[in-house]
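Subject: the model, and what turned up in it

Hi,

Here is the structure I promised to pass on. Have a look at it first, then read my notes on the sheets and helices underneath.

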Amino acid sequence: MSKKKYRTTFSKMTVAFIFFGLIPLLLLSLFFFLRYSGLLRDNMTAAYSDMTVYVANNIEDLMDNVDEAMGELYDYQDSVGNTLAEVLTDVTAERSERELAVREALGDIMAKSEFISSLRLADTYGNVYSLYYSQGKTLRNDAESRTTMDVYQEGDSLTEMMLFGTFPEAEICVNSEDYIFSLVRNYMDVTSIETTCSQRLATLYADINVDDIEELIEKSSLNKGSFYVYSPAASSYIYSGDTGDYLGSSHPLSFCEELLDGGSGYEKIGSQWVFYQKISDVDAYAVLVMENSDIMGAFYQSVSILILIVAFVGAFLLVLYMMFSVWMSEPTRKLKAAMEEVEQGNLDVRVELDTNDEMEYVADGFNHMTERLTDYINQVYVAQICRQDAEMNALKMQIQPHYLYNSLDIIRMTALEQNDRKTAQLLESLAKQLRYVMGPQSERVYLKDEIDSIREYFVMMRIRYEERISLMIYLKDADQTLMIPKLILQPMVENAIRHGLREKKGYGAVAIRVERKSDHLEIVVMDDGVGMDEEGVRHIMDSLENHEVGTIESDGTASIGMQNVYDRIKLNCGAEYGYTVQSTKGMGTVITFTLPIWKEP
């Protein structure tokens, strides 16, 4: 054991008090006087920037809530099961019948969001339907200029949401003194894939009272400055403290409009600070304008704050000194506890100290003593016991699968003797799957074996769902001996049944198609279940592509099985391989694997 140079406990405590007590106190006092004004400004601007972001996020949540409610229009069905698309395109229906159905659909939407004050819908025949939360309001006869299907300009996406600036509700409604802004979406013909993105049946307007935004701003406790919600593209104000800004009589953000170019942040212009935050999915910004004097007013309280800081530092030093004393006695407590464990027969205990004093020397001697004693015992006794345990475990690992297979076969034969062929079939399928899963632990398997395992799994699923689901396999004989990673298709088939076909009314099918391309193998797993919307697919792909390999996302966007398959393909095949998810609400889901062409195990 090499000798070390040790310092006394007293010298270490003296040096610690100087370097951790007196010097930091002096430096902190000097730093305060030199930099306090800058820190105060930075803290205040950061605080108001956070408030702006907070309000912007709340406004974004409000718009998302309304937009989600608008999407419920696609799920509406009348009393006989007709969708809104069928109602709007039924030329034989009476106007009163159509109007009743549309108002019922609008009522369903309004019930989904507390922020919608009124709804307006214009169809392809020039008809305008409306529904107001307040029973005393009625749509004006001359309101067509603000309720039309032609609001989307050439080049605009028909499926994107648009934002209309705030205007007096009296322009479209009688008996109103409110100001409203509108979220606008086209209602598309989703009866086929071709018309989903190209054929619109109506345009839906969701009107929101600007007072709702004012309530969000009041909740943020902003008692200084002026707050705006502004759309640069439309040059219109969604919210302002001055109603004249809605009518175009003034433009208070003209001096800073060039900042609103897609980003967020804050900047000082002249004597004013401008804090701005982009609101996602719409071309609008939350903007807070404050005078510099409002932000720096707290600087005059610097003397009182300095006293508080010095008092805090003094208390901190006192606590630090007490903690240091406890730390100095910690080595003795560790040695005492270790000796007590050795007395109880625990020779694996070690004391790790890095104090560079006499206590570390004692700890090293204690550890050396227990190591030598443990070595003597392990050579004679522990090694023999471990060898016997290993032999017993090896024998048990050989017996367990064989015992499980024999037990399942006995139960299956008993079920056959009792004429319970369905149970016997389930047990036989389960046994085959267990042999496949618990068989040789090779990462690559023949494509034929993986497909056979899926067929056995589907035997159980068809019985479970009373023969209302079916499986179709498209696999050429020449491709059956190709190698793929083991157990990558079963999680996808399970998801197709659980999340796609189980919720579907009537019969459903899962299809697996294998096709060998010039440079890769393509496997497609598809179902005709309930499907997902575009947002759900995007969340799944983002979760798969952006999470750390080997971890599970906390929000549960992608299932454990999907993440496991995605990670194993990336790790075993390469970063250029994997799978993608495509889905259409109400039509089904398609998962496309891209794998290397492996001909050898």
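A word on terms before the details: contact here means heavy atoms within 4.5 Å. Axes are lines fitted to C-alpha atoms, for helices over the stretch in contact, and angles run from 0 to 180 degrees between N-to-C directions. Helices (H or I, at least four residues) and strands (E, at least two) are DSSP runs, numbered from the N terminus. Two strands pair if DSSP finds at least two bridges between them.

This is a predicted model, where local features need pLDDT of at least 70, side-chain atom pairs count only at pLDDT 80 or more, and totals for chains, interfaces and linings use all residues. Residues are numbered from 1 along each chain as its sequence is written, and side-chain values use heavy atoms, with hydrogens and water left out.

With that settled, start at helix α3 (residues 95-112), which lies across β1, β2 and β7 (200-209) and runs at about 40° to β2. Those strands belong to an open, antiparallel sheet of five, ordered β2-β1-β7-β6-β4. Its edges are β2 (128-132) and β4 (162-168), each pairing on one side only. From one strand to the next, the twist averages 20°. β1 (residues 116-123) and β2 run antiparallel and are joined by five bridges; Arg120 has Ser130 in β2 as its bridge partner. Helix α5 (residues 210-219) packs on this sheet too, touching β4, β6 (179-188) and β7, and its direction makes about 50° with that of β7.

Next, strand β12 (residues 284-291). Seven of its eight residues are buried, so β12 is largely enclosed by the rest of the structure; buried means under 20% relative accessible area with a 1.4 Å probe, protein chains only. β12 pairs antiparallel with β8 (residues 226-231) over five bridges and with β11 (residues 272-279) over eight. Ala286 is the β12 partner of Val229 and also of Gln277. The hairpin of β11 and β12 has four residues between the strands, and Asp281 there takes a positive phi near 75°.

The other five-stranded open sheet has mixed pairing and the order β14-β16-β17-β19-β18. β14 (469-474) and β18 (578-584) are the edge strands with a single partner each, so one side of each has no neighbour in the sheet. Neighbouring strands are turned by 10° against each other on average, direction ignored. α10 packs on this sheet, touching β14, β16 (508-516) and β17, and its direction makes about 170° with that of β14. Seven bridges join the antiparallel pair β17 (residues 521-527) and β19 (residues 588-595), with Ile523 opposite Phe593 in β19.

Finally, the helix pairs. α10 (residues 447-464) and α11 (residues 490-501) pack at about 25° with axes 10 Å apart. That angle makes α10 roughly parallel to α11 (angles under 35 degrees count as roughly parallel, over 145 as roughly antiparallel, 65 to 115 as roughly perpendicular and the rest as oblique). Glu450, Ile454, Tyr457, Phe458 and Met461 in α10 meet Gln490, Val493, Glu494 and Ile497 in α11. For α12 (residues 534-546) and α13 (residues 560-573), the axes come within 10 Å and cross at roughly 45°, which makes α12 oblique to α13. Ile540, Ser543, Leu544 and Glu545 of α12 make that contact with Met562, Gln563 and Tyr566 of α13.

Cheers

Key: Buried < 20%, exposed > 50% of the residue type's maximum accessible area, 1.4 Å probe, protein only.
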